[in-house]
Amino acid sequence: DECTMDNIDEGSYKVRHVEEGCECEYIRPPLEDVLAALAQDAVPVIVPEERDLRVRRACDVPYVAISHVWADGLGSVTDRGLPSCQISRIAALARELVPGGAFWMDSLCVPSKRDARLRAIGLMAKTYSDAAVVLVTDSSLRQCPSTAPLEERLLRIASCGWLQRIWTLQEALLARRLVLQLSDALVDLDELLNAARDVLDVHFHPLLHSLRLSLARLSLRRAHPDRALPFGTIVRAMCRRTTSRTSDETLAIAG
C-alpha cells in the first residue's frame with residue numbers, strides 16, 4: 001500500500017561506523033551545554049577539538065549543517081553521540097567548508113528529552129537557513145566520483161535516498177549554499193544544475209526538469225530568499241517523498 005524504502009525501525013536501528021568491523025568509541029558533546037543553548041532558543045553547534053566536542057551557539061560562529069538520511073546509519077541523539085570515526089569524517093568535511101569546522105547535526109544536537117527535542121525541532125528551519133553551508137552526505141552519492149559524466153551525477157542525485165525523504169526538503173530549500181559529498185570531492189549543487197543547461201540530449205531534459213521540480217527551483221530561491229514559494233510548488237516538491245513517522249509530515253514542512 002505504500003513505499004517503505006529507507007524507513008527505519010527505531011527498535012532495531014543500528015548506527016554504522018565508517019568501516020565495517022570498526023569498534024571505536026562513541027563521542028558526544030556535553031549534554032548540559034546543548035540543553036543550555038536550547039533553553040535560550042539558540043541553535044547549538046559542535047566545534048571539534050582533538051578528541052573533545054565543544055558546544056557553541058550558532059549565532060557566534062559560521063557553521064555547516066549536515067543533511068543526511070537516517071537509513072544510512074548516522075542517526076542518534078545527543079545523549080548517545082556517534083562513533084568517533086564518523087565524527088572525524090564529518091569534522092574534516094566541515095573544516096573544508098567553514099573556518100574552524102563548526103557543524104550542526106541532528107544526531108549530536110537534538111537531545112532525547114522530550115521538551116528539549118521539541119525545542120530543537122522548532123529551531124530546525126532556523127538551523128538550516130542560518131548555516132553558511134548545508135552539506136548533503138548520502139551513501140549513494142558517496143559512490144559517485146566527481147569525474148563521472150554529468151548525466152550520471154545528476155541521475156545519482158535524482159535517485160538517491162536523500163531526495164526521497166520529507167525532512168530533507170526544507171533542508172534543501174532553506175540552504176544558502178547546498179553542497180553534495182561525492183566519493184572524491186565536494187560539489188556545489190547550483191553549479192551542477194547550471195552546467196546541465198548546456199546538455200543537448202533531448203532524452204536528458206525530462207530528468208533535469210524532474211530534478212528541478214523535486215528541489216523546487218533552488219537557484220531561484222537562493223537568488224531571492226525573501227520570495228515566498230507558491231504552495232503548489234511545495235506540494236509538487238513533496239511528491240515521492242516519505243518519512244518513517246507519518247506524524248512528522250507537518251513538522252517537516254512547516255519551516
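User: In which helix is the place of D106?
Analyst: This is a predicted model, where local features need pLDDT of at least 70, side-chain atom pairs count only at pLDDT 80 or more, and totals for chains, interfaces and linings use all residues. Residues are numbered from 1 along each chain as its sequence is written, and side-chain values use heavy atoms, leaving out hydrogens and water. Helices (H or I, at least four residues) and strands (E, at least two) are DSSP runs, numbered from the N terminus. D106 belongs to the run of residues 106–109, helix α3.

User: Is D106 buried or exposed?
Analyst: Buried means under 20% relative accessible area, exposed over 50%, and partly exposed in between, with a 1.4 Å probe and protein chains only. D106 has 17% relative accessibility, so this residue counts as buried.

User: What distance in space separates D106 and C3?
Analyst: The two residues are 103 residues apart in sequence. From C-alpha to C-alpha, D106 and C3 are separated by 24 Å.

User: What volume does the largest pocket have?
Analyst: The search uses a 1 Å grid over the protein atoms alone; a cavity is a set of points where a 1.4 Å probe fits but cannot get out, while a pocket is an open set with protein on both sides within 12 Å along at least five of seven lines. Grid points are joined across faces, edges and corners, and a volume is the space filled by probe spheres set on the points. For the largest pocket, that gives about 720 Å³.

User: Which residues lie nearest the centre of the largest pocket?
Analyst: Lining residues have an atom within 4 Å of a point. The largest pocket has 32 of them. Nearest its centre lie I8, W70, D106, R117 and W167.

User: Which element gives the most to the lining of the largest pocket?
Analyst: β4 (64–67), α4 (114–122), α5 (124–130) and α7 (167–173) each supply at least two residues. The top contributor to this lining gives 3 residues, and that element is α7.

User: How many charged residues are in the lining of the largest pocket?
Analyst: Ala, Val, Leu, Ile, Met, Phe, Trp, Tyr, Cys and Pro count as nonpolar, Asp, Glu, Lys and Arg as charged, and the others, Gly among them, as polar. The lining of the largest pocket has 15 nonpolar and 8 polar residues. Its charged residues number 9.

User: Which residues are closest to the centre of the second largest pocket?
Analyst: The second largest pocket has a volume of about 280 Å³. Its lining holds 13 residues. By class, they are 3 nonpolar, 4 polar and 6 charged. Closest to the centre are R16, H17, V18, Q86 and R142.

User: How many charged residues has the lining of the largest cavity?
Analyst: The whole structure has 1 cavity of 30 Å³ or more. The lining of the largest cavity consists of L38, V43, P44, W104, C109, A120, L123 and T127. By class, 7 are nonpolar and 1 is polar, and the count of charged residues is none.

User: Which side chain of opposite charge is nearest to R241?
Analyst: R241 is found in the loop between α11 (231–238) and α12 (249–254). Lys and Arg count as positive and Asp and Glu as negative; His and the chain ends are not counted. R241 is buried and has no salt bridge (a side-chain nitrogen of Lys or Arg within 4 Å of a carboxyl oxygen of Asp or Glu). At 8.1 Å, the nearest side chain of opposite charge is E171.

User: Which backbone oxygen does the side chain of R241 reach?
Analyst: The distance is 2.7 Å. The backbone oxygen belongs to R165.

User: With which residue does R54 meet in a salt bridge?
Analyst: The whole structure has 5 salt bridges. R54 is partly exposed at 37% relative accessibility. Its partner is partly exposed too, at 35%. Their closest N and O are 2.8 Å apart, and the partner is E49.

User: How many residues apart in sequence are the parts that D188 and R177 tie together?
Analyst: D188 and R177 form a salt bridge, with N and O atoms 3.1 Å apart. D188 lies in strand β9 (residues 186–188) and R177 in the loop between α7 and β8 (178–181), so the pair ties together parts whose separation in residues is 11.

User: What relative accessible area does D60 have?
Analyst: D60 forms a salt bridge with R57, their closest N and O atoms being 3.4 Å apart. R57 is partly exposed at 34%. D60 is also partly exposed, at 40%.

Methods:
Polar contact = N/O pair within 3.5 Å; in protein donor to acceptor, adjacent residues only side chain to side chain.
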